[in-house]
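Here's a quick briefing to read with the model open beside you. Take it topic by topic and follow along in the viewer.

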Amino acid sequence: MGNIGEELKRGISGLNICEECGGFCTENVPLMEGLPVNAQVSLMEHSIHENLKKNSYLFREGEPVDSICIIRKGRVKLCRYDSLGREQIVTILADHDIIWEGMFLDGSIYPYSAVCLTNASICLIHRDDFIKVVNDPHAAMNTIILLSKKLHDANERNMLLSTKDPMARLAGFLLYRVDRSIDDDVVLKLDDIAASVSLRTETVSRKLREMEREGLIERLGHARIRVLDRDSLKEIYVSQ
């Protein structure tokens, strides 16, 4: 892990830390990157570690925002429901992703719920603890970069949902997900894909079968899709 990793190891010696994190809750988290070692150690010392079961809630829509939530391991969906009770998935997060939007705004509440799609290991750093130790230009720059990325992702999602053709919308979504994956696989159930792109599950299933017949994707089980031809998917998406 390099010199910083070794310093962190020495700094957290004797702290009450969870086995899943190994104590390195701040490692590989962009918001924390570049912080002095003593600041990272202080944050880890005050962090809360939780192991949540599949389908459990990390928080619910309308609850106050008071902590940075670090997903150490697992997948979590951010979702809300429309006036008809239909689920709308905002995004799906995985290892090392963080939830922190609105944390620095007084009276901020979550505009969505966070539900575990798998068993998940979560680390929570309270807003007040973060503010106490963060007085570093690197942290400020990382915050700006993350905000820019969030804005870019939101714009990309809006463009995706404005695509009228179901095949093109689904192709764009698969590209969006696989670009954020460590391999060429999209690991999501049909219902989650449908809620993410505002299409009926039956429509998603039918379009995926068409893509598979054309050799664009391969379906591996009920919740894993392997993208075989990104160029063709992109052509379908941008042509609409």
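**Strands first**

β4 pairs with strand β7 (residues 113-116) in the antiparallel sense, and four bridges link the two. Keep in mind that this is a predicted model. The rest of the tour covers β4's pairing with β5, then helix α5, then how confident the predictor is.

**β4 and its partners**
- In the pairing with β7, V76 sits opposite C116.
- β4 itself covers residues 76-81, and it also pairs with strand β5 (residues 87-93), again in the antiparallel sense, over six bridges.
- If you want a spot to look at in that second pairing, find L78, which stands opposite T91 in β5.
- The β4 and β5 hairpin has five residues between its strands, and G85 there takes a positive phi near 85 degrees.

**Helix α5**
- α5 runs over residues 166-178, which makes 13 residues.
- From first C-alpha to last it reaches 18 Å, close to the 18 Å expected at 1.5 Å a residue.
- This helix is mostly covered, with twelve of its 13 residues buried.
- Among the buried ones are the charged-letter entries R169 and R177, along with M167, F173 and Y176.
- At the helix start, a side-chain oxygen of D165 comes to within 3.3 Å of the backbone nitrogen of M167.

**Confidence**
- Average pLDDT for the chain is 81, and 83% of the residues score at least 70.
- Residues 8-20 drop below 50 in pLDDT, and this stretch has 23 contacts in the model beyond near neighbours in sequence.

Conventions
Residues numbered from 1 in each chain as written. Predicted model: local features only at pLDDT ≥ 70, side-chain atom pairs only at ≥ 80, totals over all residues. Heavy atoms only, no water. pLDDT = per-residue confidence, 0-100. Contact = heavy atoms within 4.5 Å. Expected span 1.5 Å × (residues − 1). Buried < 20%, exposed > 50% of the residue type's maximum accessible area, 1.4 Å probe, protein only. Polar contact = N/O pair within 3.5 Å; in protein donor to acceptor, adjacent residues only side chain to side chain. Pairing = 2+ DSSP bridges.
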